[in-house]
Amino acid sequence: MFERLAIIGIGLIGSSIARAARQHGLAKQIAIADASEQHREQARALKLGDEVHTDAAEAAKDADLVMLCIPLGAFAAVAAHIAPVLKPGAIVSDVGSCKQSVIRDTQPHLPAGVHLVPGHPVAGTEHSGPKAGFAELFNNRWCILTPPPGTDAAAIEKVKAFWTAFGSKVELMEPRHHDLVLAITSHVPHLIAYNIVGTADDLETVTESEVIKYSAGGFRDFTRIAASDPTMWRDVFLNNKEAVLEMLGRFTEDLIALQRAIRWGEGDTLFNLFTRTRAIRRAIIDAGQETAAPDFGRTPAAAKGDAQD
Ligand code: NAP
């Protein structure tokens, strides 16, 4: 599909793309760049690509497809740095969790004749780095593409075909809408998990050993999400501020309503909500986006492929 694929950032997502591209024979040559010496070493040892560079421009040079798999806060500097070496007709795509900020930080730097096709695979785990990736990560998961108006149709089709080859289901979305949808399905849930685990950690009347010992009561499932990469998630909240604040406002109102229902003993209110939410979980399982296995299938093997964000 591509002569030369450049992957900038060989962490969980970048290394999963490298593995899947290799497995499905999508690129003749895979060039990797990463800022971390340790991750470059691991990428070489795992033979994730044909070339491993410190300088992103070395990898991006002559590439037909450049995949930016770096934290959102790094996009502007990397785009400015690689722009002069991009060949005419090259496609620049990415996997960033917010799409308006990617377009804002990348598009102004790209020369005419280079196509920007932003993307977001809605798949991941709480682990980071090249060792955490695996080729099947994107299988049966959604990948959302958010091309700005006027993007070359052939470039969009190529990126679509790339993700489809990994077993992903591809959908096109307007960037602002993407950021709103992901705020409620991913960003706010992560914030809630970070917050509840932080609150438990701050408690003085319940000991840390009790929190850990009795965690199977529900807390444990929040800790998995709250173990996600701090750099990535800091950047998500800094770059999707408007949509997250909008969803948090609604969430807070609904939480206050629940608080009131508990205070006034309004059992029907609680029961009706819990019945409605149970149906959502059933719909997620029916859609093949989760497992119905006991304990949410959170055995080490099953957890590997957890859809996260
Ligand atoms: P990761 O495992 O931490 O990998 C990111 C890699 O990029 C690291 O090796 C990092 O090195 C490197 N890096 C950082 N700044 C760089 C720069 N300026 N130039 C070159 N390399 C740089 O992160 P990830 O989970 O793969 O996430 C990557 C992107 O995917 C993020 O934009 C995230 O929003 C998106 N995403 C993540 C998930 C998920 O569940 N994890 C799902 C979908 C999309 P250092 O470690 O030294 O910083």
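This briefing describes the ligand site of the structure and the pocket that holds the ligand.

The model is predicted, with local features requiring pLDDT of at least 70 and side-chain atom pairs pLDDT 80 or more, while totals for chains, interfaces and linings use all residues. Residues are numbered from 1 along each chain as its sequence is written, and side-chain values use heavy atoms, without hydrogens and water.

**Surroundings of the ligand**

- The ligand is surrounded by 27 residues, each with a heavy atom within 4 Å of it.
- Those that come nearest are Leu12, Asp34, His39, Ile70 and Ser97.
- By class, this shell holds 13 nonpolar, 12 polar and 2 charged residues; Ala, Val, Leu, Ile, Met, Phe, Trp, Tyr, Cys and Pro count as nonpolar, Asp, Glu, Lys and Arg as charged, and the others, Gly among them, as polar.

**Polar contacts (pairs of N or O atoms within 3.5 Å)**

- A polar backbone atom of leucine 12 is 2.9 Å from an oxygen atom of the ligand.
- For histidine 39, a side-chain N or O atom is 2.6 Å from a ligand oxygen atom.
- For serine 97, a side-chain N or O atom is 2.6 Å from a ligand oxygen atom.
- The protein buries 83% of the 890 Å² that the ligand exposes when taken alone, by the Shrake-Rupley method with a 1.4 Å probe.

**The pocket**

- The ligand takes up the space of the second largest pocket, with more than half of its atoms within 2 Å of the grid points.
- A pocket is an open set of points on a 1 Å grid over the protein atoms alone, where a 1.4 Å probe fits, with protein on both sides within 12 Å along at least five of seven lines.
- The volume of the second largest pocket, the space filled by probe spheres set on the points, is about 740 Å³.
- Its lining has 38 residues, with an atom within 4 Å of a point; Gly11, Cys69, Ile70, Pro71 and Met232 lie nearest the pocket centre.

Notes. Polar contact = N/O pair within 3.5 Å; in protein donor to acceptor, adjacent residues only side chain to side chain.
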